[in-house]
Amino acid sequence: MANPAETAPTRWAGMPLAARRSERRTRLVEAAFELFGTQGEAGVSVRAVCRAGNLHARYFYESFADTDQLLGAVYDKVAAELAERLPAALDSAGDDLAERTRAGIHTVLDFSSADPRRGRVLFTEARANPVLAARRQATQTALMDAVLQETRIRPAADPRLARVGAAMFTGAMVELAQQWLAGGLGDDLDAVVGHAAALLPTPPTV
């Protein structure tokens, strides 16, 4: 039986170059997501990713300089998927800040555990790889800014107090996700969300 990678040129015949490159990049990211999400960083190599994506190794380097850059793309993909879900979850909770907080916590935890590969990319393995650690730090900063906006902090409020509260909330949320994914909090998501919403520090509103 022919190697799918060897038959790829036939499939791409007539496809514009940009489209072919985009498809190959997508396949590499999807393959890396599967490998990283199931085996961790140790399972991601150029050879393994190309084998899983049914691509020749030469195609790897038309999209990525190395596996760290590829893992960054994997993280960005998963983070974007989570970001797409949050607005709808918050909107469904109405205007009550407590309900919106619960909805946000539930969405993050459910998204991360419904497919354990997502949680591994966002919260667990991301601690070890410097590229992913930088991505996670940027995500936490964005989350902190979103918390400040969500609680409608005005410039007239004490900006230091506001950012301290938002930072505490964000840090606690990351640790909560890690504990949830590790199984240390049981398997009752609603109970965990309820306790977290009651205990997590919330920035002051004005």
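For these notes, contact means heavy atoms within 4.5 Å. With that settled, I looked at the range of the contacts: residues 24 or more positions apart account for 64% of those in the chain with a separation of 6 or more.

**Entry 1: what I am looking at**

I am working with a predicted model, so I went to the confidence before anything else. The mean pLDDT of the chain is 85, and 85% of the residues reach 70 or more. Which elements mark the lowest and highest mean pLDDT? I found helix H1 (residues 4-11) at the bottom with 51, and H3 at the top with 97. I also noted that the pLDDT is below 50 over residues 1-7, a stretch that has 6 contacts in the model beyond near neighbours in sequence.

**Entry 2: the overall picture**

I counted 9 helices and 0 strands. Reading along the sequence, I get the pattern α-α-α-α-α-α-α-α-α. The chain has 206 residues, and 39% of them count as buried. For the accessible surface I have about 11,100 Å², with 54% of that belonging to carbon and sulfur atoms.

**Entry 3: H2 against H4**

Next I turned to helix packing. Two packed helices are described by the angle between their axes and the distance between the axes. How do helix H2 (residues 17-39) and H4 pack, and at what angle? I read an angle of about 85°, with the axes 9 Å apart. Angles of 65 to 115 degrees count as roughly perpendicular, so H2 is roughly perpendicular to H4. On the H2 side I listed Arg 25, Leu 28, Val 29, Ala 32, Phe 33 and Phe 36 as making the contact. H4 brings Leu 70, Leu 71, Ala 73, Val 74, Lys 77 and Val 78. By class, I have 10 nonpolar, no polar and 2 charged residues in the contact of H2 with H4.

**Entry 4: H4 against H6**

I stayed with H4 (residues 67-92) and looked at helix H6 (residues 116-124). Their axes come within 10 Å and cross at roughly 105°. That makes H4 roughly perpendicular to H6. From H4, I noted Val 74, Tyr 75, Val 78, Ala 79, Leu 82 and Arg 85 in the contact; from H6, Arg 118, Val 121 and Leu 122. These residues divide into 7 nonpolar, no polar and 2 charged. Val 74 and Val 78 were already on my list for the contact with H2, and both appear here too.

**Entry 5: Ala 31**

I then picked out Ala 31, which lies in helix H2. Is Ala 31 buried or exposed? I have a relative accessible area of 8%, which means Ala 31 is buried. Leaving aside neighbours within four places in sequence, Ala 31 is in contact with Val 49, Ala 52 and Gly 53. I also took the C-alpha separation from Ala 31 to Val 74: 9.4 Å, for two residues 43 apart along the chain.

**Entry 6: Asn 54**

Most residues other than glycine have a negative phi. Asn 54 caught my eye here, with a positive phi of about 55° although it is not a glycine. I placed Asn 54 in the loop between helix H3 (46-52) and H4. Asn 54 is partly exposed, at a relative accessible area of 30%.

**Entry 7: Ala 146**

Last stop: Ala 146, found in helix H7 (residues 130-150). I have Ala 146 as partly exposed, at 38% relative accessibility. How far is Ala 146 from Ala 166 in space? I get 8.9 Å, C-alpha to C-alpha, for a pair 20 residues apart in sequence.

Methods:
Residues numbered from 1 in each chain as written. Predicted model: local features only at pLDDT ≥ 70, side-chain atom pairs only at ≥ 80, totals over all residues. Heavy atoms only, no water. Axes fitted to C-alpha atoms, helices over the stretch in contact; angles between N-to-C directions. Helix = DSSP H or I, 4+ residues; strand = E, 2+ residues; numbered from the N terminus. Parallel < 35°, antiparallel > 145°, perpendicular 65-115°, else oblique. Nonpolar A, V, L, I, M, F, W, Y, C, P; charged D, E, K, R; others polar. Buried < 20%, exposed > 50% of the residue type's maximum accessible area, 1.4 Å probe, protein only. Areas by Shrake-Rupley, 256 points an atom, 1.4 Å probe, with all protein chains shown as cover. pLDDT = per-residue confidence, 0-100.
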